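Open the model in your viewer and keep the selection panel at hand. The tour goes stop by stop.

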Amino acid sequence: MSNRLQSSSVTHLDLKKVTLIQQNGHPSINQLDLRVNHFERVAIIGSSGSGKTTLLSILGTALKPSSGEYLVNTKNPWSLSREKLRQLRTQIGFIYQAPPLPLKQRVITSVLAGKLGKWPIWKSMLSLLYPMDIAGPQNILEKLKLSEALFVRCDTLSGGELQRVGIARVLYQDPELILADEPISALDPVLSELIIEQILHHQQKTIVVSLHDVEVALKWFPRIIGLKEGQLQFDLPAEEVTEEMLAALYSSATVA
Ligand SMILES: Nc1ncnc2c1ncn2[C@@H]1O[C@H](COP(=O)(O)OP(=O)(O)OP(=O)(O)O)[C@@H](O)[C@H]1O
């Protein structure tokens, strides 16, 4: 069996009436039905607080639904053994708005950490002390216009540079599912386009990205999900999203 089709492979994702209630009793995601198919490219748009990060966190198994069902390849990840869930998570890469990188760490170590879940323990431990691969991270950082940062410490980088280190780490991880939360929030328009292109570069991945930049979403993603108050406002091919739909999505009027 090929490496890409192990039992931990991520082929499709299903949310069935999923609700996520926060500690304050507020539902960030409310009765959401959604299916994401293998190798799909999906952009989630919606105003601040509409639930984009929460939805991505559920898809990435960082948050467990309060009710409803989340299935990865027809299996509930929360019913898997600890080891199976760990294996599944090695196939999920999460790109954060502000990546939680140890600031004293060198960039190369932070990028190599993308493989920690996939390498044997001895190699992972050694890579924290001595880079086990230089060409791999260098190659990815070059594509993200950050090759000069390979050996510098993360605390010497700007917010946009740090954001790209977080992206490099996930690209180095080479997961089957990429979830990206506002991956271009700290980048200028030229870099934003380049980075989105790099994230989408590999055809054999399922990619779900939240974006505030609607133009970028419509230009690069064939499927657009409009989220409002934790519910689907629309789920359409990009070419069918109209100005009126966008105006309603970002208006303060509440969901009926
Ligand atoms: N830990 C938490 N405790 C309580 N409420 C939370 C928590 N995290 C998020 N929320 C609330 O859940 C809702 C959805 O938040 P979420 O971060 O998913 O939105 P978002 O669409 O990603 O917002 P943004 O575009 O500003 O990043 C918001 O009302 C937010 O205040």
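A residue counts as near the ligand if its C-beta atom, placed from the backbone, lies within 6 Å of it. Keep in mind that this is a predicted model.

**Stop 1: the ligand shell**

Select the ligand and the residues around it. The shell holds 13 residues. The closest are Gln-22, Ser-28, Ser-48, Thr-53 and Thr-54. Which helix gives the most to this shell? Helix H1, residues 52-59, with three residues. Now colour the shell by class. Twelve of its residues are polar and one is charged. Nonpolar residues are absent from the shell.

**Stop 2: helix H1**

Stay on H1 and select the whole helix. Is H1 largely enclosed or largely open? Six of its eight residues are buried, so H1 is largely enclosed by the rest of the structure. Buried here requires 20 or more other C-beta atoms within 10 Å of the residue's own. The buried residues of H1 are Lys-52, Thr-54, Leu-55, Leu-56, Ile-58 and Leu-59. Thr-54 is thus buried and also among the closest residues to the ligand. Step just past the end of H1 to Thr-61. Its phi is positive, about 65°.

**Stop 3: the hairpin**

Select residues 13-21 and 27-36, which are strands S1 and S2. The two run antiparallel, joined by six bridges. Pick Leu-13 and look across to S2: its bridge partner there is Val-36. S1 and S2 make a hairpin, with five residues between them. In the turn, Gly-25 has a positive phi of about 90°.

**Stop 4: the six-stranded sheet**

Strands of a sheet pair through backbone hydrogen bonds, either parallel or antiparallel. Select the strands in the order S5-S6-S7-S3-S8-S9. These six form an open sheet with mixed pairing. Which strands stand at the edges? They are S5 (92-95) and S9 (231-237). Each has a single partner strand, so one side of each is left without a neighbour in the sheet. From one strand to the next, the twist averages 15°.

Zoom in on S3 (residues 41-45) and S7 (residues 206-210). They pair in the parallel sense over four bridges. Arg-41 has Ile-207 as its bridge partner in S7.

**Stop 5: helices across the sheet**

Add helix H6, residues 159-173. H6 lies across S5 and S6 (177-181). Against S5, H6 runs at about 170°. Next add helix H9, residues 243-250. H9 lies across S3, S8 (223-228) and S9. Its angle to S8 is about 35°.

**Stop 6: a loop residue**

Select Leu-116. This residue sits in the loop between helix H3 (107-112) and helix H4 (121-129). Leu-116 is partly exposed, with 16 other C-beta atoms within 10 Å. Draw a distance from its C-alpha to that of Ile-196. The two are 80 residues apart in sequence and 25 Å apart in space.

**Last stop: the whole chain**

Zoom out. The chain comes to nine helices and nine strands. Its C-alpha atoms fill a box of roughly 55 × 45 × 40 Å along the principal axes. The radius of gyration is 18 Å, which agrees with the value near 18 Å for a compact globule of 256 residues. How much of the chain counts as buried? The share is 35% of the 256 residues. Among contacts with a separation of 6 or more, 69% join residues 24 or more positions apart.

How values were computed: Residues are numbered from 1 along each chain as its sequence is written. This is a predicted model: local features need pLDDT of at least 70, side-chain atom pairs count only at pLDDT 80 or more; totals for chains, interfaces and linings use all residues. The radius of gyration is taken over C-alpha atoms; the globule rule is 2.2 Å times the number of residues to the power 0.38. A residue is buried if 20 or more other C-beta atoms lie within 10 Å of its own, exposed if 12 or fewer, and partly exposed in between; C-beta atoms are placed from the backbone. Two residues are in contact if their C-beta atoms, placed from the backbone, lie within 7 Å. Ala, Val, Leu, Ile, Met, Phe, Trp, Tyr, Cys and Pro count as nonpolar, Asp, Glu, Lys and Arg as charged, and the others, Gly among them, as polar. Two strands pair if DSSP finds at least two bridges between them. Axes are lines fitted to C-alpha atoms, for helices over the stretch in contact, and angles run from 0 to 180 degrees between N-to-C directions.
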